[in-house]
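Let's take a friendly walk through a protein model together. Have the sequence and the 3D view ready, and follow along at your own pace.

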Amino acid sequence: MSNESKVDCGRRRLVVATAAVGGAGALVALVPFLSSMLPSERAKAAGAPVEVDVGNLELGQMMTVEWRGKPVWIINRNKPMLETLPALNDQMADPKSEKDMQPEYCKNETRSIKPEYMVVVGICTHLGCSPSAKFKHGPADGMAADWVGGFLCPCHGSHFDFAGRVYKSQPAPTNLEVPPHMYLSDTRILIGEHKKGA
């Protein structure tokens, strides 16, 4: 074997090793770049949509998820809950949801896309406290005898029904906010986005 072929073999190894190290370096440099394209935790908290599976949410039960740093309540309303809504219209401050606290597609008696599912931001519209669920009728939850269920804000006593509508003469000036949302399937809700044109 000549000295010239030994040199060429050595050069070849050096070129291959250099290319391998350079390729590995390029991959390492690419990882932060690609991960920077994903939404950060801060971006998610600032308003990235949240996908929720409600398939295991039983009738009459509520779950809470976080969107934009706020609690969002989802209730699978049963028939008795839904039956209270029209019966309470005369007691509500904004029974037809005329104030802009919900998307247009939720301006209806149930303030929802599907009557059985209530989706509202669980923050009182008075001073930002989080109301408590008071689902039991009458004094069972420490409420008045004629209470049919809903929510009570512990800070200043505002009462809300099972559509998040506020009762008349309460400190809260408006109904609870209904966030933009849409159904991806029968049991999956995307909170924070809605269909174009909705």
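What follows goes from the whole chain to its sheets, and then to two residues in loops.

## The whole chain

Keep in mind that this is a predicted model. The protein chain contains three helices and nine strands. If you read along the sequence, these elements come in the pattern α-α-β-β-β-α-β-β-β-β-β-β.

How much of the chain is buried? Of the 198 residues in the protein chain, 34% are buried. The accessible surface of the chain is about 11,500 Å², and carbon and sulfur atoms contribute 57% of that surface. Among the chain's contacts with a separation of 6 or more, 55% are between residues 24 or more positions apart.

## A sheet of S2, S3 and S4

Try to find an open sheet of three strands in the order S2-S3-S4, paired in the antiparallel sense. Its edge strands are S2 (62-67) and S4 (117-121), and each of them pairs on one side only. On average, neighbouring strands of this sheet are turned by 20° against each other, direction ignored.

Strand S3 covers residues 70-76, and five bridges pair S3 with S4 in the antiparallel sense. One spot to look at is Ile75, which stands opposite Met118 in S4.

## A sheet of S1, S9 and S8

Another open sheet of three strands has the order S1-S9-S8, again with antiparallel pairing. Which strands are at its edges? They are S1 and S8, each pairing on one side only. From one strand to the next, the twist averages 20°.

Strand S1 (residues 50-53) is joined to strand S9 (residues 188-191) by four bridges. On the other pairing, strand S8 (residues 181-183) is joined to S9 by three bridges. A hairpin of four residues links S8 to S9.

Here are some residue pairs in this sheet that you can look up:

| Residue | Partner in S9 |
|---|---|
| Val50 | Ile191 |
| Glu51 | Leu190 |
| Tyr183 | Ile189 |

While you are looking at strands, here is a handy rule: in a regular strand, side chains alternate between the two faces of the sheet.

## Two residues in loops

Now move to Tyr167, in the loop between strand S7 (159-160) and S8. Is Tyr167 buried or exposed? Its relative accessibility is 12%, so Tyr167 counts as buried, the cut-off for buried being under 20%.

Tyr167 also links up with other parts of the sequence. Leaving aside neighbours within four places in sequence, Tyr167 is in contact with Leu88, Gln91, Met92, Ala93, Trp147, Val148, His159, Phe160 and Asp161. Take Leu88 from that list: Tyr167 and Leu88 are 79 residues apart along the chain, yet their C-alpha atoms are separated by 8.7 Å.

Ser158 is the other loop residue to visit, and you will find it between strand S6 (150-152) and S7. Why does Ser158 count as buried? Its relative accessible area is 1%, and therefore Ser158 falls under the 20% cut-off.

What does Ser158 touch, leaving aside its neighbours within four places in sequence? Its contacts are Cys124, Phe151, Leu152, Cys153, Gln170, Pro171 and Ala172. With Ala172 there is a detail worth zooming in on: a polar atom of the Ser158 side chain lies 2.9 Å from the backbone nitrogen of Ala172.

Definitions and conventions. Residues numbered from 1 in each chain as written. Predicted model: local features only at pLDDT ≥ 70, side-chain atom pairs only at ≥ 80, totals over all residues. Heavy atoms only, no water. Pairing = 2+ DSSP bridges. Axes fitted to C-alpha atoms, helices over the stretch in contact; angles between N-to-C directions. Buried < 20%, exposed > 50% of the residue type's maximum accessible area, 1.4 Å probe, protein only. Contact = heavy atoms within 4.5 Å. Polar contact = N/O pair within 3.5 Å; in protein donor to acceptor, adjacent residues only side chain to side chain. Areas by Shrake-Rupley, 256 points an atom, 1.4 Å probe, with all protein chains shown as cover.
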